[in-house]
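Here is a short report to read alongside your model. It looks at charge on the surface, then at a charged pair, then at how the strands are arranged.

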Amino acid sequence: AGVQLVTVEEVLDLLEAKGAVSKDRLIHALWGAEGKHAALEKLIQRLREDLAGEARRLQTVADGYELVG
């Protein structure tokens, strides 16, 4: 089956709609049961790079991430 490609926009939609979102919930929503924590970490890194000066808005919380401000 392979790993499904995820867009930055999909991640932002999930974070903006939910407030703080756990890593497991993000993985499940983006990739289903096949998702891996390493893939999420790479995606979050890419998202922060894409956000550039706004990267501080993507906060790491206890078990996930939150888009603030």
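Which helix gives the most residues to the negative patch?

## Before you start

This is a predicted model, in which local features need pLDDT of at least 70 and side-chain atom pairs count only at pLDDT 80 or more, while totals for chains, interfaces and linings use all residues. Residues are numbered from 1 along each chain as its sequence is written, and side-chain values use heavy atoms, with hydrogens and water left out.

## The negative patch

The answer is H1, with four residues. The full patch consists of Glu9, Glu10, Asp13, Glu16, Glu49 and Asp50. Two elements give two or more residues to it: helix H1 (8-18) and helix H3 (37-51). Helices here are DSSP runs of H or I with at least four residues, strands are E runs of at least two, and both are numbered from the N terminus.

To join such a patch, a residue needs over 30% relative accessible area and no salt bridge, and like charges are joined within 9 Å. Asp and Glu count as negative, and a charge is placed at CG of Asp or CD of Glu. Areas come from the Shrake-Rupley method with a 1.4 Å probe. Asp13, one of the patch members, lies in helix H1 and is exposed, with a relative accessible area of 53%. (Exposed means over 50%, buried under 20%, and partly exposed in between.)

## The salt bridge

Side chains of opposite charge can pair when their charged atoms come close. A search of the whole structure finds one salt bridge, that is, a side-chain nitrogen of Lys or Arg within 4 Å of a carboxyl oxygen of Asp or Glu. Glu41 and Lys23 form this contact, and their closest N and O atoms are 3.5 Å apart. Because Glu41 lies in helix H3 and Lys23 in helix H2 (residues 23-31), the pair ties together parts that are 18 residues apart in sequence.

How accessible are the partners, Glu41 and Lys23? Glu41 is partly exposed at 36% relative accessibility, and Lys23 is also partly exposed, at 23%.

## The sheet

Three strands make an open, antiparallel sheet in the order S1-S3-S2. Strand S1 (21-22) and strand S2 (58-61) are the edge strands, each pairing on one side only. Two strands count as paired if DSSP finds at least two bridges between them.

S1 pairs with strand S3 (residues 64-67) over two bridges: Val21 stands opposite Tyr65, and Ser22 opposite Gly64. S2 and S3 pair over four bridges, and Thr60 stands opposite Tyr65. A hairpin of two residues joins S2 to S3.

Notes:
Patch = residues over 30% accessible without salt bridge, like charges linked within 9 Å, V, L, I, M, F, W, Y side chains within 5 Å. Buried < 20%, exposed > 50% of the residue type's maximum accessible area, 1.4 Å probe, protein only.
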